[in-house]
Amino acid sequence: MDKGFCDTEDYVYKNMQASQETHISNHLEEVIAAVSITPGKNIEVQLPQTVLFQPPREKLRLCEEKAKSCSSRHEYKQAIQELVRCVALTRICFGDCHWKLAEAYVRLAQGYLQLKGLSLQAKQHAEKAKEILSNSIVPPCDDNTDVFRCSVELFHTMGRALLSLQKFKEAAENLKKAERLSRELLQCGRIEKEEWVELQAQIKVSFAQMYQGQKKSKAALSQYQEALEYMETSRGQKSLECVPVLRELAGVEQALKHHDAAINHFLQAHLILLSSEPSEEEAALSAHRVAHAAHAALVSGRPEHHDVAERYFQESLASLKDAEGTARAKFLSIQDEYCRFLQVTGQEERATSILRKSLEAKVGVFGDLSPEVAETYRLLSGADLAQGNHSGAHKKLNKLSWRRVTVACSSAVARAWSQVVGESRDVDKDREPTALGDSECLQIQTLLYGPQDKRTLATQQALDVLPKAPEMAVRPRQAPKARPAFCTGVAQHPTALGKARLHAAD
């Protein structure tokens with residue numbers, strides 16, 4: 001069994017009979033970065049001799065622990081720096097051709113991928129790890145379990161990096177290798193069942209994300225379900241690690257129009273999160289996911305989810321009511337969605353009241369010429385139209401058109417737009433432009449977004465309704481009086497002053 005296992009393609013790495021000499025000089029910069037301690041500016045640091053003269057292996061152990069600690073505290077930049085030091089120290093300790101150096105590169109690739117989302121860098125480090133591992137010094141066949149564990153992590157990390165780069169075929173090949181090798185390790189008794197279950201949960205999530213990227217929702221659904229089963233087996237049904245999988249599963253259910261299942265998964269994730277004493281912002285965003293799913297079900301013709309949506313919208317807004325900074329922006333965004341929910345359920349007056357009160361806050365948070373303020377004017381104009389207030393809808397629609405133009409274009413384009421309209425405006429100061437002609441607004445939106453854009457079509461529909469209202473009837477403009485030609489405006493006979501000049505000339 002062991003011999004056949006070691007001969008499996010892509011997983012056998014030839015043993016070298018003698019260890020190769022380590023060439024530290026080729027990696028001088030990394031070595032200096034790893035072993036040097038540079039104090040911060042204006043800070044005097046006195047380190048004991050025991051710290052300055054620690055052996056490299058002890059430094060490596062400390063760097064590995066520090067990388068894990070920084071990652072758990074979300075100090076991602078520092079965590080990456082520690083992982084880079086780990087690579088340099090591993091080279092010092094084990095040489096250029098040891099499998100542990102490949103393992104260090106795999107962990108660095110995982111750091112770039114998970115902590116910073118840098119897929120290309122992760123792929124490059126994984127390729128470096130694969131190159132080292134294919135020519136590495138490995139222990140005898142009976143003692144190479146750690147090498148094969150490193151291979152599983154390598155293939156999985158490479159697959160995830162390729163997935164982020166949307167190279168689905170290559171990603172699938174690497175994920176299948178990771179899955180097959182982990183199964184063979186389990187069958188040979190090289191790893192415990194619990195470790196294999198954890199590996200399977202991670203690999204299944206990656207497969208599900210790959211199918212999602214390929215728009216194969218049904219295949220993604222089955223993979224997420226398997227991943228959740230493995231996760232609940234290894235961590236327990238109330239584990240926080242189940243929350244991301246539940247949310248992804250709910251998203252796929254929602255894409256498949258399985259609204260009941262989506263709401264249930266979001267609710268389960270929300271209850272697990274609340275049991276861990278989260279921050280107010282985390283709890284609010286979790287409640288908002290439930291409300292959003294219930295709102296989507298309501299729009300799709302499932303009125304029985306009205307109470308769920310109302311409850312969790314209120315819960316989410318209550319948690320963020322007194323928030324500041326970025327949380328304030330999230331509060332206003334959720335409030336807008338809540339107003340759309342109120343409009344759908346026939347509570348237009350309440351929605352309009354909330355929107356009008358939120359305008360000042362949105363201008364302060366997002367700026368006057370922002371998509372958020374423009375969206376508020378759009379919602380208010382829709383409410384005015386529903387109530388028959390055509391003049392109010394027309395006024396807000398004009399403001400909306402100007403904001404869309406300014407948000408979508410640079411200041412130069414906005415000034416050019418003003419010239420097309422025939423008005424001279426200061427883009428930075430003119431925040432309440434006068435009403436423009438309906439056709440002019442529509443022409444500008446058509447120019448910016450195209451005639452088939454949903455925003456252009458919505459404006460066209462609204463403007464088609466407005467002229468039918470009696471109060472919006474506009475008298476036809478009188479044709480401007482024809483001005484006489486320039487030559488006809490000049491006196492044909494010399495005036496007294498002209499005669500005097502002629503005599504003076506004589």
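Here are legends for four views of this predicted model.

**Figure 1. The whole chain, built from helices.** Let's start with the overall picture. The secondary structure of the chain comprises 23 helices and zero strands. The chain has 506 residues, and 41% of them count as buried. Among the contacts in the chain with a separation of 6 or more, 61% link residues 24 or more positions apart. About 29000 Å² of the chain is exposed, with carbon and sulfur atoms supplying 51% of that area.

**Figure 2. Helices α10 and α11 packed against each other.** Two packed helices are described by the angle between their axes and the distance between the axes. Here, helix α10 covers residues 193-213 and helix α11 covers residues 217-235. Their axes lie 8 Å apart, and the angle is about 160°. Because an angle over 145 degrees counts as roughly antiparallel, α10 is roughly antiparallel to α11. The crossing of these two helices, α10 and α11, is left-handed. On the α10 side, the residues making the contact include Trp196, Val197, Ala201, Val205, Phe207, Ala208 and Tyr211, along with Glu198 and Lys204. From α11 come, among others, Ala219, Ala220, Tyr224, Ala227, Tyr230 and Met231, as well as Glu226 and Arg235. Taken together, the residues of this α10 and α11 contact divide into 13 nonpolar, six polar and four charged.

**Figure 3. Thr157, a buried residue in helix α8.** If you would like to find this residue in the structure, look in helix α8, which runs over residues 145-164. Thr157 has a relative accessibility of 2%, so Thr157 counts as buried, the cut-off being under 20%. Which residues does Thr157 touch, not counting residues up to four places away in sequence? They are Val106, Ala109, Gln110 and Leu113.

**Figure 4. Val363, a partly exposed residue in helix α17.** Our last close-up moves to helix α17, residues 348-366, where Val363 has its place. With a relative accessible area of 30%, Val363 is partly exposed, a class that lies between the 20% limit for buried and the 50% limit for exposed. Setting aside neighbours within four places in sequence, Val363 is in contact with Asp368 and Val373. Val373 sits 10 residues from Val363 along the chain, and the C-alpha atoms of Val363 and Val373 are separated by 6.8 Å.

Notes: Residues numbered from 1 in each chain as written. Predicted model: local features only at pLDDT ≥ 70, side-chain atom pairs only at ≥ 80, totals over all residues. Heavy atoms only, no water. Helix = DSSP H or I, 4+ residues; strand = E, 2+ residues; numbered from the N terminus. Buried < 20%, exposed > 50% of the residue type's maximum accessible area, 1.4 Å probe, protein only. Contact = heavy atoms within 4.5 Å. Areas by Shrake-Rupley, 256 points an atom, 1.4 Å probe, with all protein chains shown as cover. Axes fitted to C-alpha atoms, helices over the stretch in contact; angles between N-to-C directions. Parallel < 35°, antiparallel > 145°, perpendicular 65-115°, else oblique. Left-handed = near helix turned anticlockwise from the far one by under 90°. Nonpolar A, V, L, I, M, F, W, Y, C, P; charged D, E, K, R; others polar.
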